[in-house]
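User: I am new to this structure and would like to understand the terms applied to it. Please explain each label as we proceed.

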Amino acid sequence: MWRNGFKWMFLIIGTMIGAGYASGRELWEFFGAESGLAIMIFTVLFIICCSVIMKISFRSESTHYLPILQSLMGKKLTGLYDMMIILYLFSTTVIMLAGGGATLEIIQFPYWIGIAVIVFLLVVLFLWDTKGMTSMNSFVIPLLIIFLVGVLSVFQMSMGFSIEIDLSKQQNWPTAFTFTALNILPLVAVLAAVGKEIKHEGEVWIASIGSGLLLGGISFLYNESLLKVAHEIMLYEIPLFAILKHYPYYMILVMSGLLWTAIYTTAAAGVFGLVTRFRNYIKLPLWLLALLLLLMMIPLTTFGFSNLIAFLYPLYGVLNLYILAAILLYPITKRTNM
């Protein structure tokens, strides 16, 4: 139970920590000053959402997200949100590809070469069907968390670790709802695809509470670190590099590699959600279906990483508020089944 619980926990975190999150760009768009309370609310909301989605997936033994949407939204709205999830997964994977190209530019790789590398590795991952996805996350995500928390902690210590929470200055708390809502659709898509593989309800609680507390803690530490370099963030496509400029060059190389890995895991989660949705309709091997989808995405990466995040993420955060409300109310409206 514990082993599987941690496997799903890392799948959830791998879905969350992508180009937007690991680079700091997504956190900076939503949080910033006066956001301590917002991050605490996000942590609670995230735990509830993950547990509800996983319980429905577990009990319906789902292999893709349509049955989960029907349970949450009813049949009338399922078609609308099905289209929204497809659009969301498609567009955010485009953002991950753009982020992959932007990250490798730091080490003098041409933008298009960086995109070609990530596309190739994504296709290779799906040669192992769905098992490649969970195995990769169980190995990569713990390393990413350790290095990211390590870099942020050392940075904070170099600045005197002067973290203060003034409860009278927490006006940004409503963003907890839009930030949680932003990340709901990929969670529905990915967790619904593994419902049949969840063996015990205890796995749900391990994965939900573990991922929520980890992401909440990292988000708070990251946000506080970004506040200390707020005057420099506008100079960087990737805000993390405003922090890393205080480190030796080899640390920039290490974190560029880890950031690229985070981008890769979330791109994989997006493609995973799409290919499991279409596999019953398009009778192709998963790797070939993944390749076709990725080839359609490549031209759209020309819009640029930070521009895509600045426009699409707040928009999705607002559009997804309805499904967030449906998930939070589900244990009340369907309490006999929970």
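User: What makes Asp 82 count as buried or exposed?

Analyst: This is a predicted model, in which local features need pLDDT of at least 70, side-chain atom pairs count only at pLDDT 80 or more, and totals for chains, interfaces and linings use all residues. Residues are numbered from 1 along each chain as its sequence is written, and side-chain values use heavy atoms, with hydrogens and water left out. Buried means under 20% relative accessible area, exposed over 50%, and partly exposed in between (1.4 Å probe, protein chains only). Asp 82 has a relative accessible area of 8%, so Asp 82 is buried.

User: Why is the contact of Arg 277 with Asp 82 called a salt bridge?

Analyst: The term requires a side-chain nitrogen of Lys or Arg within 4 Å of a carboxyl oxygen of Asp or Glu. The closest N and O atoms of Arg 277 and Asp 82 are 2.8 Å apart, which meets the rule. Arg 277 belongs to helix α12 (residues 249-278) and Asp 82 to helix α5 (residues 66-105), so the pair ties together parts 195 residues apart in sequence. Arg 277 is likewise buried, at 8% relative accessibility.

User: Why are Cys 49 and Cys 50 not joined by a bond?

Analyst: A disulfide is a pair of cysteine sulfur atoms within 2.5 Å. The sulfur of Cys 49 lies 7.0 Å from its closest cysteine sulfur, in Cys 50, and is therefore too far for a bond. Cys 50 is in no disulfide, and the count by this rule is zero.

Technical notes
Helices (H or I, at least four residues) and strands (E, at least two) are DSSP runs, numbered from the N terminus.
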